[in-house]
Amino acid sequence: ISDMLLEPDFDRVLVACHRSPDGDAVGSSHALAYALRKKGKQARVFCPDPIGSEFSYLTQAEEGLFSFEPEHFVTVDIAAPDMLCGAEFTNRIDITIDHHRINSVESRVKYVDAQKASCGEIILQLLREMDTEFDRYLAKALYTAISTDTGCFRYSNTKEDTFLSAAFLSRYASEGDFYTINKAMFETKSALLLSLESYAASHFKTACGGEVAYLTLSAETQKKLGASYSDLDTVINVIRQLEGVKAAFVAKERESGVYKVSVRSEAGFDASEFCHVFGGGGHIAAAGCTL
């Protein structure tokens, strides 16, 4: 893949990340696009949904870029084509880079490593193979990707390589950069988010003898709460903390009759296999689908 990306004709590249972008999607895609620009290529990020303002320290790198008509397409952290929301280039994808166990994206070349805790780790490896000159921006982008998909190195997907990747990136970060990212991603909450978490804590239901906790958020409820769809990403973390819960589900209405279901689980319940039954996918402990 590194040789393919470095070919002179592989230019005018659109690096796509998935809808409802998380830190791994945003960090990985921006790191790759930035690295390609450092190699003298035209490259920019595409996302079907707006990217949150909390990632402005990454998205600002693309402000003021010259527009171009893409000729090549790379997907990052995308396990299924529907995560691109029907983008016109889904049948023209050159390279797929992913870390989900089940990947149904069709492309000329596919690289999937489900042993990696984040797509950011794969991008880091790829950029080193490309002899990329690392700098502060790449350190922040890839640390964002790795730390968010591991819950700040707390999740069971965290391995030795995960820590080694973060250690490598720390060489290029300025003092306080990782602290600032950690605080923004894991500690800072708006008044709206606190109220949403309070709602989740008081309205969830349980099943299977308390081993399952679930919450449904209709479009009407979201409107009453004053929340946008993207504001609801973290409410699942509230109900999964309940003692005895092995699987947590949150169903959020995205459009009339269409619900995005997020699943988080402990050992003994494969969230990815469950969501795959409904056309979705993800990881053993974190997955999603659309119903």
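**Notebook: cysteines, loops, sheet and salt bridges**

**Entry 1. Cysteines**

I started at Cys119, which counts as buried at 0% relative accessibility. I kept in mind that this is a predicted model. Which cysteine sulfur is closest to the sulfur of Cys119? I found it in Cys17, at 10 Å, which is too far for a bond.

I then turned to Cys275. Its relative accessibility is 0% as well, so I put Cys275 down as buried. Its sulfur has the sulfur of Cys289 as its closest cysteine partner, at 4.2 Å. I looked at that pair with the cut-off in hand: a disulfide needs the two sulfur atoms within 2.5 Å. At 4.2 Å, Cys275 and Cys289 are therefore too far apart for a bond. How many disulfides does the rule give? I wrote down 0.

**Entry 2. Asp94**

I went next to Asp94. Where does it sit? I located Asp94 in the loop between strand 3 (72-76) and strand 4 (95-98). Is Asp94 buried or exposed? Its relative accessibility is 5%, so I logged Asp94 as buried.

I checked its side chain for a polar partner. The side chain of His72 makes a polar contact with that of Asp94, at 3.5 Å. I also listed what else Asp94 touches, leaving out neighbours within four places in sequence. From the N-terminal part of the numbering I noted Met4 and Phe10 among its contacts. Glu71, His72 and Phe73 are also in contact with Asp94. The list further includes Ser107, Arg108 and Val109. I marked two names for cross-checking: His72 is both a contact and the polar partner, and Glu71 comes back in the salt bridges below.

**Entry 3. Thr132**

I picked a second loop residue. Thr132 is in the loop between helix 4 (119-129) and helix 5 (136-149). I called Thr132 buried because its relative accessibility is 10%.

What does its side chain reach? I found a polar atom of the Thr132 side chain 2.9 Å from the backbone oxygen of Leu127. Leu127 is also one of the residues that Thr132 touches beyond four places in sequence. I recorded Ala35, Lys39 and Leu138 as the others on that list. I also took one longer distance. The C-alpha atoms of Thr132 and His30 are separated by 14 Å, with the two positions 102 residues apart along the chain.

**Entry 4. The sheet**

I traced the strands next. Strands of a sheet pair through backbone hydrogen bonds, either parallel or antiparallel. Which order do the strands take here? I read 6-7-8-9-11-10, an open sheet of 6 strands with mixed pairing. Strand 6 and strand 10 (281-282) are the edges, since each pairs on one side only.

I followed the sheet from the strand 6 edge. Strand 6 (residues 205-207) runs antiparallel to strand 7 (residues 212-217), over 3 bridges. Ala207 stands opposite Val212 in that pairing. I looked at the hairpin too. It has 4 residues between the strands, and Cys208 there takes a positive phi near 55 degrees.

On to the next pair. In what sense do strand 7 and strand 8 (residues 247-255) pair, parallel or antiparallel? I noted parallel, over 6 bridges. Tyr214 has Phe249 in strand 8 as its bridge partner.

**Entry 5. Salt bridges**

Side chains of opposite charge can pair when their charged atoms come close. How many salt bridges does the structure hold? I have 13 on record, and I looked into several.

Arg12 and Glu71 form one, at 3.8 Å from N to O. This pair links distant parts of the chain, 59 residues apart. Arg12 lies in the loop between helix 1 (2-6) and strand 1 (13-16). Glu71 lies in the loop between helix 3 (56-59) and strand 3. I scored Arg12 as partly exposed at 29%, and Glu71 as partly exposed at 45%.

Arg101 and Asp270 form another, at 2.8 Å from N to O. These two are 169 residues apart, and again the pair links distant parts of the chain. Arg101 is in the loop between strand 4 and strand 5 (109-112). Asp270 is in the loop between strand 9 (258-265) and helix 11 (271-276). I have Arg101 as partly exposed at 38% and Asp270 as partly exposed at 24%.

I closed with Lys189 and Glu197, whose side chains meet at 3.0 Å from N to O. Lys189 is partly exposed, with 40% relative accessibility. Glu197 is at 13%, so I logged it as buried.

Technical notes. Residues are numbered from 1 along each chain as its sequence is written. This is a predicted model: local features need pLDDT of at least 70, side-chain atom pairs count only at pLDDT 80 or more; totals for chains, interfaces and linings use all residues. Side-chain values use heavy atoms; hydrogens and water are left out. Buried means under 20% relative accessible area, exposed over 50%, partly exposed in between (1.4 Å probe, protein chains only). A polar contact is a pair of N or O atoms within 3.5 Å; within protein, one must be able to donate a hydrogen and the other to accept it, and residues adjacent in sequence count only if both atoms are side-chain atoms. Contact means heavy atoms within 4.5 Å. Two strands pair if DSSP finds at least two bridges between them. A salt bridge is a side-chain nitrogen of Lys or Arg within 4 Å of a carboxyl oxygen of Asp or Glu.
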